[in-house]
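Here's a quick walk through a fold, going from strand pairing to packing. Have the viewer open as you read.

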Amino acid sequence: MEGWDPNTKSTLTQIPLLTVKAGPRDGAAWTQRLKEEYKALIAYTQMNKSNDNDWFRISAANPEGTRWTGKCWYVYNLLKYEFDLQFDIPVTYPSTAPELELPQLDGKTQKMYRGGKICLTVHFKPLWAKNSPRFGIAHALCLGLAPWLAAEVPILVDSGMIKHRDDATTSTES
């Protein structure tokens, strides 16, 4: 964690580390892992809300907890840009990090793979590998998606690749 800004360090240390090393194929152990995932997500969400930094909502989209969907948003120039968020838990989880997808941004930035999967290979994947199985979904959002949104959304807005929903409504009504 050396070289990280104090805010990131503080946030990360407040997200509980996970102890169960289990993936979707591991039956009862996976159920225990999911409980830990939920606890970490709840802690991260509560911390964000208490710091007035609420920026995502997700939930399992299936009973097995292998598909997750929700929304994430980023405020830039006092405007809120909201995106659909989805991902599947890989069968090799937790050794392999989930690939976070923002389908609405597919093809709008070079830091994205087909299907709207955000590029996390250079910065996040080595960190995940080093900390597996202690990292979970909350850590992927904190150290993967949050910095990606902070880096990419301003560029996409300033270049005109994405428009605020109010701007899009106004331009279609004219």
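## The β2–β3 hairpin

Let's start at a turn: Y76 sits across from L79 in β3. This is a predicted model, so keep that in mind throughout. Strand β3 covers residues 79–88, and it runs antiparallel to β2, with ten bridges joining the two.

Two residues separate the strands in this hairpin, and one of them to check on your Ramachandran plot is N77, whose phi is positive, near 55 degrees.

## The β1–β2 hairpin

Now step back along the chain. Strand β1 takes in residues 56–60 and strand β2 residues 67–76, and five bridges hold them in an antiparallel pairing. To find the register on screen, look for R57 opposite K71 in β2. Another pair to pick out is A60 with its bridge partner W68, again in β2.

This hairpin has six residues between its strands. In the turn, G65 has a positive phi of about 75 degrees.

## Putting the sheet together

What order do the three strands take in the sheet? It's β1-β2-β3, in an open sheet with antiparallel pairing. Each of β1 and β3 has a single partner strand and stands at an edge, so one side of each has no neighbour in the sheet. From one strand to the next, the twist averages 10 degrees.

## Helices on the sheet

Helix α2, residues 28–50, packs on the sheet and touches β1 and β2. The direction of α2 makes about 165 degrees with that of β1.

Helix α4, residues 137–158, packs on the sheet as well, touching β1, β2 and β3. Here the angle is about 45 degrees, taken between the directions of α4 and β2.

## The nonpolar core

As a rule, nonpolar side chains in soluble globular proteins tend to be buried together. In this model, the largest nonpolar core has 46 residues, and L102, L141 and L145 have the most contacts inside it. Two or more residues come from each of α2, β1, β2, β3, α3 and α4. Which element gives the most to this core? That's α4, with twelve residues.

L145 is a handy residue to centre the view on. Skipping neighbours within four places in sequence, L145 contacts W55, C72, L85, L100, L102, I118 and A140.

## A look at R134

Last stop: the loop between α3 (124–131) and α4, where you'll find R134. Is R134 buried, exposed or partly exposed? With a relative accessible area of 36%, R134 counts as partly exposed, because that class lies between under 20% for buried and over 50% for exposed.

If residues up to four places away in sequence are left out, R134 touches L17, L18 and H139. As for F124, R134 is ten residues from it in sequence, and their C-alpha atoms are 14 Å apart.

Conventions:
Residues numbered from 1 in each chain as written. Predicted model: local features only at pLDDT ≥ 70, side-chain atom pairs only at ≥ 80, totals over all residues. Heavy atoms only, no water. Pairing = 2+ DSSP bridges. Helix = DSSP H or I, 4+ residues; strand = E, 2+ residues; numbered from the N terminus. Axes fitted to C-alpha atoms, helices over the stretch in contact; angles between N-to-C directions. Contact = heavy atoms within 4.5 Å. Buried < 20%, exposed > 50% of the residue type's maximum accessible area, 1.4 Å probe, protein only. Core = buried A, V, L, I, M, F, W, Y, C linked by side-chain atoms within 4.5 Å.
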